[in-house]
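Thanks for sharing this one. Here are my notes, in numbered points, to read alongside the coordinates.

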Amino acid sequence: MSDGLIIDQLKKNQILDLLKEGKRVDGRQFDEPRKLTIDIGVIPKAEGSARARLGDTEVVAGVKVQPERPFPDTGDKGMLICTAEILPIAHPSAETGPPQPPVVELARVTDRGIRESGMLDMKQLVLEKDKSVIGVFCDNAVTDHDGNLFDACSYASTAAINACKIPKYEMQDEKPVKIEGEFTEPPITTLPVSVTMAKIGDFIVVDPTIEEWGIMDARITITSNSDGNVVALQKGGSDGFTQEELIKCAELSVKVGSKIREIIKQSK
Amino acid sequence: MGGRDTDIVLLDENGIRCDGRKVNETRKVTIKAGVLKNANGSAYIEFGDNKILVGVYGPRDVHPKHMSDTDTGILRCRYHMAPFSVGERKNPAPSRREVEISKVIKEALEPAVMLKEFPRTAVDVYMEVLQADGGTRCAALTGASVALADAGIPMRDLVAGCAAGKAADAVILDVNNEEDQAGQADLPIGYMPNLKKITLLQLDGVLTPEEYKQCIEIGIDGCNQVYEIQKKALQDKFFASGEKQ
């Protein structure tokens, strides 16, 4: 992520000078995300999958669905876990080995956006209370890194979960047995969509590229749901936001998010 | 939020919360600066039933050396929970949650600390949660700012932490453990009161745009209250002999 990228002060000055003229390095408007394309079903062995391309950032999300033993305190709910990793093919700065803090943050922010929105009605994913529930695991693999992995992972995950098929299980002798060839639709309640904004100087731009990511002062990722409510949020970077900026960012996120949601809907 | 089923009444008919507070009231916060002998700066904070000890070392040489930066000092933060700090024993190894919280606290403190004054050095902030009861990241951040100031490290402002949130359909200040588990939203805030900048902000749970605005509003109000207690802690240490500032 940004920590490994060294972009000199000249680059920052150039980007800032452009912003003062109302322009971005790649010619976009401040509130304009890069072109998003989503292909679903790219991994047929997964119960759901999606490849999201946000500009040149690319993420493949795969959903696996399998019966699990529930956690002791949530025996009446299914299980949902999202992860994210940056593959070493994605960028020269990407490393193998245990995940560094920025990657842990990416995975947790991706998970939080999906989980807190209540995208899946977990109560419908119970096979037998306290004994067996359906687990939905959405794993994101970043294959090409051109900045703003938070949003690329959010879109890939939402699209993959939205398009997944839940295999049917039957309880036999207290054990779940899969019924081959039978599937149900996932219990989708809402489509969460995150929008990340970078603060560069006093400017706020939507969907930063890797160049903007490298020199930004701070960032904020705001996830909204289909009703236009805010469901998750994460501030990052070494500067702060004023109260007015935060309110503007939330409005921007809901506005931009609603257009992205349409693209995700149409991908199914 | 989990919206975990519970028998606890989060808000009674008189608008009183499960621990007896009003909706816009923080828990009792006490801070003592300079509690450790070896650390360059330290603080002990009690934020309701949270008990957190913070030690600051530095500016000092950076190990491993490749982490050092010729242009600026670096800030390193570790947020850690003791195994005995929560109901069920916590594995002492750092969890992914602790890794993330360490990172967001670091990024919340960086705007306040004048790191450019100490190139090639590191300032290490160690936050040890001895007892946890909801809102530990805000409490740890609050204590960490006091410990940094206690260490005499030049700062632009203190960072005060306090969460806002939503429980039983009401916007509330300073979310406690029960409200975090069974409530609807938790929005921790870190705020620099003099510079009027929010440096830590996270949210989990659903808020309408209007509730979001209200949460930020009362969260900042809570941070301003915590800020007064931070200043008092530093005054108590440095002017304890009765001198006036």
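1. Let me begin with burial in chain A: of its 268 residues, 49% count as buried (20 or more other C-beta atoms within 10 Å of the residue's own, against 12 or fewer for exposed and partly exposed in between, with C-beta atoms placed from the backbone). This is a predicted model, where local features need pLDDT of at least 70 and side-chain atom pairs count only at pLDDT 80 or more, while totals for chains, interfaces and linings use all residues. Residues are numbered from 1 along each chain as its sequence is written, and chains are lettered from A and ligands numbered from 1 in the order in which they are written.

2. On overall dimensions, the radius of gyration of chain A is 19 Å, which agrees with the value near 18 Å for a compact globule of 268 residues (taken over C-alpha atoms; the rule is 2.2 Å times the number of residues to the power 0.38). Along the principal axes, the C-alpha atoms of chain A fill a box of roughly 70 × 40 × 35 Å. Of the chain A contacts between residues at least 6 apart in sequence, 71% join residues at least 24 apart (a contact means C-beta atoms, placed from the backbone, within 7 Å).

3. Chain A has five helices and 12 strands (DSSP runs numbered from the N terminus: H or I of at least four residues for helices, E of at least two for strands).

4. Please look at the sheet that draws on both chains. It is open, with eight strands in the order β10(A)-β9(A)-β11(A)-β12(A)-β9(B)-β8(B)-β6(B)-β7(B) and antiparallel pairing (strands pair if DSSP finds at least two bridges between them). At its edges are β10 (203–206) of chain A and β7 (170–173) of chain B, each pairing on one side only. From one strand to the next the twist averages 20° (axes are lines fitted to C-alpha atoms, for helices over the stretch in contact, and angles run from 0 to 180 degrees between N-to-C directions).

5. Within that sheet, β9 (residues 193–200) and β11 (residues 218–224) of chain A form an antiparallel pair over seven bridges, with A:K199 opposite A:A218. Helix α5 (residues 243–267) of chain A lies across β9, β10, β11 and β12 of chain A together with β9 of chain B, at about 140° to β9(A). Helix α4(B) also packs on the sheet, touching β12 of chain A and β6, β7, β8 and β9 of chain B, and its direction makes about 145° with that of β6(B).

6. How do α3(A) and α5(A) cross, and at roughly what angle? Their axes come within 9 Å and cross at roughly 35°, in a right-handed crossing (the near helix is turned clockwise from the far one by less than a right angle; anticlockwise would be left-handed). A:Y155, A:T158, A:A159 and A:N162 of α3(A) meet A:I260, A:I264 and A:S267 of α5(A).

7. The hairpin of β7(A) and β8(A) has two residues between the strands, and A:D173 there takes a positive phi near 50°. These strands pair in the antiparallel sense over seven bridges, and A:M171 has A:P176 as its bridge partner.

8. Chain B contributes an open five-stranded sheet, ordered β1-β2-β3-β5-β4 with mixed pairing. Its edge strands, β1 (29–33) and β4 (74–81), each have a single partner, so one side of each is left without a neighbour in the sheet.

Conventions
Contact = placed C-beta atoms within 7 Å.
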